[in-house]
Amino acid sequence: MSASCEQVNNLMAVRSAIAAAELDGQRPQGAVTLVAVSKTHDADHIRPTLDAGQRVFGENRVQEAQGKWPALREAFPDIELHLIGPLQSNKAKEAVALFDVIETVDRPKIAQALAEEMAKQDRKPQCLVQINTGLEPQKAGIPPEDADLFITACKDLGLPVVGLMCIPPADQNPAPHFALLREIARRNDLSVLSMGMSGDYQTAVALGATHVRVGTAIFGSR
Ligand SMILES: *Cc1c(COP(=O)(O)O)cnc(C)c1O
């Protein structure tokens, strides 16, 4: 089998595993959107998954995404691009122009910069607030106890906040983190839950993820 088919086989396997987890968790079939995380991989490596029908992708760097996605979008106009990495306020302009969903709204300065850019460009990518469920100092995100206030502040700025995102601590059982994210979303009336990566996406589906962000299990190691 040619090397270029490997990521397509992986993609199909991840799709099947998501469908099985939906069934197990009594979630409706198709309830979960697969965000294929293509960071560090070049367009040639991504393209077979586009040919196989994948349309939702995640990138963690604005500049890297700018380099590869405009050309791919010409060939596949219905691509949906998610920003899943930390955003600097001096990149808000580019992020608003390129991404359809910004999953990493994580501090007031970024919320403000995004609101200003959205008004300027008359373009409104959906926003998720990143929650630092494990209170890890090295990780981005709003502490759970500050989430309600921050979400309200974002909405007051006019940001289209539709949900939450988290990255649980690597060395812990992710389940309580996913459950906490779901609870914060529930009480803030938010419908989108982006949680679960290659190692734990089935658990995330069981706990209510609407989006899972899977890189390594599709595209291989980075
Ligand atoms: C890289 C990354 C992923 C994908 O991680 P894998 O373990 O490769 O599936 C998901 N979410 C975020 C925020 C990432 O940076």
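**Reading a ligand pocket**

Author: The shell around the ligand holds six nonpolar, three polar and three charged residues (nonpolar means Ala, Val, Leu, Ile, Met, Phe, Trp, Tyr, Cys and Pro; charged means Asp, Glu, Lys and Arg; the others, Gly among them, are polar). This is a predicted model, where local features need pLDDT of at least 70, side-chain atom pairs count only at pLDDT 80 or more, and totals for chains, interfaces and linings use all residues. Residues are numbered from 1 along each chain as its sequence is written, and side-chain values use heavy atoms, with hydrogens and water left out.

Reader: Which residues surround the ligand?

Author: A residue is near the ligand if one of its heavy atoms lies within 4 Å of it. Here they are V37, K39, I84, M165, I167, M197, S198, R213, V214, G215, T216 and R222.

Reader: Which side chain of S198 or T216 atoms lie 2.5 Å from a ligand oxygen?

Author: A polar contact is a pair of N or O atoms within 3.5 Å; within protein, one must be able to donate a hydrogen and the other to accept it, and residues adjacent in sequence count only if both atoms are side-chain atoms. An N or O atom in the S198 side chain is 2.5 Å from a ligand oxygen, and one in the T216 side chain is also 2.5 Å from a ligand oxygen. For G215, a backbone N or O atom lies 2.8 Å from an oxygen of the ligand.Reader: How much of the ligand's accessible area does the protein cover?

Author: Accessible areas come from the Shrake-Rupley method with a 1.4 Å probe. The protein covers 88% of the 390 Å² that the ligand has on its own.
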